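Hi everyone, thanks for coming. I'd like to walk you through one stretch of a chain today, so let's put it on the screen.

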Amino acid sequence: CSFESISTHINRSLAAIGTRYSYFYNYFAIKYRNKRNIMIKKSKATNATQNAAQNKAFNRILLTGAAGGLGRILRERIKPWANIVRLSDICDMSPAKEGEEVVPCDLSDKAAVHRLMEGVDAVLHFGGISTENNFEAIMAANIQGTYNIYEAVHRAGVKRVVFASSN
């Protein structure tokens, strides 16, 4: 599974859950396919897409796991979807850029996760341990962390969640 196909899937997921999905449907279009690779080519922006970029689909999107491999790449790619991108991870992240909020958070800390969810319209949950580790670490990050995210989403009334798992 290539990064391009993951990126396309995430963009399509955001488009499907966004309120203005028709404007973003052609943001990424698969132009060339063959047996060995998939090339993603950004399609030309239409007037509708340009207008929709000014009226973003979300006010604030939360990205957990922002210091991870996928999170670092998505950091720039999700900016067109929200006025503010709230970035969270337990690891060090680079400072906030324009339109970003950097909020370090341990997902196993229930109270911190509930504070993290305040004012969020959508969640991209990529936080957790994706490699082999001891059970206690995986339990805290992947199981308890995901439970806390979904509990906070429910209590905060967030209606849109994209969840990715390595398992």
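I'll start with a strand in the middle of the story and then follow the chain onward.

A word on the source: this is a predicted model, where local features need pLDDT of at least 70, side-chain atom pairs count only at pLDDT 80 or more, and totals for chains, interfaces and linings use all residues. Residues are numbered from 1 along each chain as its sequence is written, and side-chain values use heavy atoms, with hydrogens and water left out.

Helices (H or I, at least four residues) and strands (E, at least two) are DSSP runs, numbered from the N terminus. Look at strand 6, residues 122–125: Ala122 and Leu124 point one way, Val123 and His125 the other, and all are buried, meaning under 20% relative accessible area with a 1.4 Å probe, protein chains only.

Which strands pair with strand 6? Strand 3 (residues 58–64) runs parallel to strand 6, joined by four bridges, and strand 7 (residues 160–163) also pairs with strand 6 in the parallel sense, over four bridges. Pairing here takes at least two DSSP bridges. Val123 stands opposite Leu62 of strand 3, and its bridge partner in strand 7 is Val161.

Now, helix 6, residues 135–156. Where does helix 6 bend? At Gly145, by about 30°, taken as the angle between axes fitted to the seven residues ending there and the seven starting there. Gly145 is also among the buried residues of helix 6, along with Ile149 and Val153. Just after the helix, Gly157 takes a positive phi of about 75°.

Definitions and conventions:
Buried means under 20% relative accessible area, exposed over 50%, partly exposed in between (1.4 Å probe, protein chains only).
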